[in-house]
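Grab a coffee and work through these three short exercises with the viewer open. Try each task before you read its solution.

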Amino acid sequence: MESAGSRSMAGTTYWCAFPESSKVAAELIVRVRRYREALRATGRADRMRRAWMAYQGWGPRMDADGTRFLPAGEAGEMVQVNVNQFAALVNQAVVLTTSNKPAIKAIAANNDFESLAQAQLAEALSDYYDRELAISDREYEATLHMVLLSETWVAVDWDATSGQEYTVDENGKPVKSGDVRVYTLTPFDVGVDPDVHDVESHTWFAYRRRVNKWDLAAQYPKVRDAILAQSRKDQTFDEIGRAHV
């Protein structure tokens with residue numbers, strides 16, 4: 001889990017500003033649980049799951065499988081085939097939405113040389129990151145999730161393990177410059193305040209992403225044993241959340 005936001009209100013410390021990471025993780029789990037409970041209470045979670053399963057070839061009542069040929073007839077002389085027309089309609093909607101990508105052009109606010117050069121640099125950076133970060137693929141994924149799940153999130157984060165190596169630490173391990181990473185997230189991968197009605201009013205945002213635990217253990221050697229001891233198959237959500245670093 002990763003969270004953002006810190007402030008002090010009426011002399012009390014905002015939960016994201018707690019100096020102990022264990023307290024922040026505990027408070028974060030409570031709020032993520034509340035968001036997921038809101039999805040279940042409103043019926044949105046069930047609708048999202050049914051739409052996702054139907055897209056994968058299952059029937060709306062889990063009574064059909066579009067990936068198998070089933071025998072039919074009194075003596076098995078026929079074959080029952082379930083055509084996934086739902087996925088075809090969803091893919092058609094996504095293609096129509098993403099086929100004409102808007103052209104982004106940086107415009108200088110002034111006509112002086114410095115402003116024109118900055119606009120040219122901004123446009124070059126936009127084109128570079130669009131290629132390097134596969135922004136078009138992330139946008140396609142976000143559109144697909146939006147059509148299926150009615151909600152999607154695109155997170156722009158800083159990855160300290162990316163980029164070029166520019167020095168070594170006191171242990172002789174290479175230190176990288178870091179770079180921007182873009183993630184497309186479903187509603188089941190995020191946690192937000194369910195009472196907020198617009199994105200601008202959010203004061204915190206949490207999301208999860210998969211990482212290699214061996215790379216994570218190398219990044220945080222002080223808690224290496226605790227990280228390597230984690231096993232997703234025999235853990236609850238609370239136990240995973242407590243494995244903070």
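**Exercise 1: a hairpin**

In this predicted model, strands S7 and S8 form a hairpin with five residues between them, and glycine 172 in the turn has a positive phi of about 85°. Work out in which sense S7 and S8 pair, and over how many bridges.

Solution. Start by locating the strands: S7 covers residues 165-168 and S8 covers residues 174-176. Next, pick glutamate 165 and look across to S8, where its bridge partner is lysine 176. Now take the pairing as a whole: it's antiparallel, with three bridges.

**Exercise 2: two helices**

Find the angle at which helix H2 (residues 44-55) packs against helix H5 (residues 135-149), and say which residues make the contact.

Solution. First the geometry: the angle is about 120°, and the axes are 8 Å apart. Then the residues: H2 brings in Arg44, Met48, Ala51, Trp52 and Tyr55, while H5 supplies Leu144, His145, Leu148 and Leu149. Finally, sort that contact by class, and you get seven nonpolar residues, one polar and one charged.

**Exercise 3: one threonine**

Decide whether threonine 184 is buried or exposed, then track down the polar contact its side chain makes with another side chain.

Solution. Begin in strand S9 (residues 179-185), where threonine 184 sits. Its relative accessibility is 15%, so it counts as buried, the cut-off being under 20%. Now list its neighbours: leaving out residues up to four places away in sequence, threonine 184 touches Arg138, Glu141, Ala142, His145, Thr152 and Trp153. Among these, glutamate 141 gives the side-chain polar contact, at 3.3 Å. One last check: a polar atom of the threonine 184 side chain also lies 3.2 Å from the backbone oxygen of arginine 138.

Methods
Residues numbered from 1 in each chain as written. Predicted model: local features only at pLDDT ≥ 70, side-chain atom pairs only at ≥ 80, totals over all residues. Heavy atoms only, no water. Pairing = 2+ DSSP bridges. Helix = DSSP H or I, 4+ residues; strand = E, 2+ residues; numbered from the N terminus. Axes fitted to C-alpha atoms, helices over the stretch in contact; angles between N-to-C directions. Contact = heavy atoms within 4.5 Å. Nonpolar A, V, L, I, M, F, W, Y, C, P; charged D, E, K, R; others polar. Buried < 20%, exposed > 50% of the residue type's maximum accessible area, 1.4 Å probe, protein only. Polar contact = N/O pair within 3.5 Å; in protein donor to acceptor, adjacent residues only side chain to side chain.
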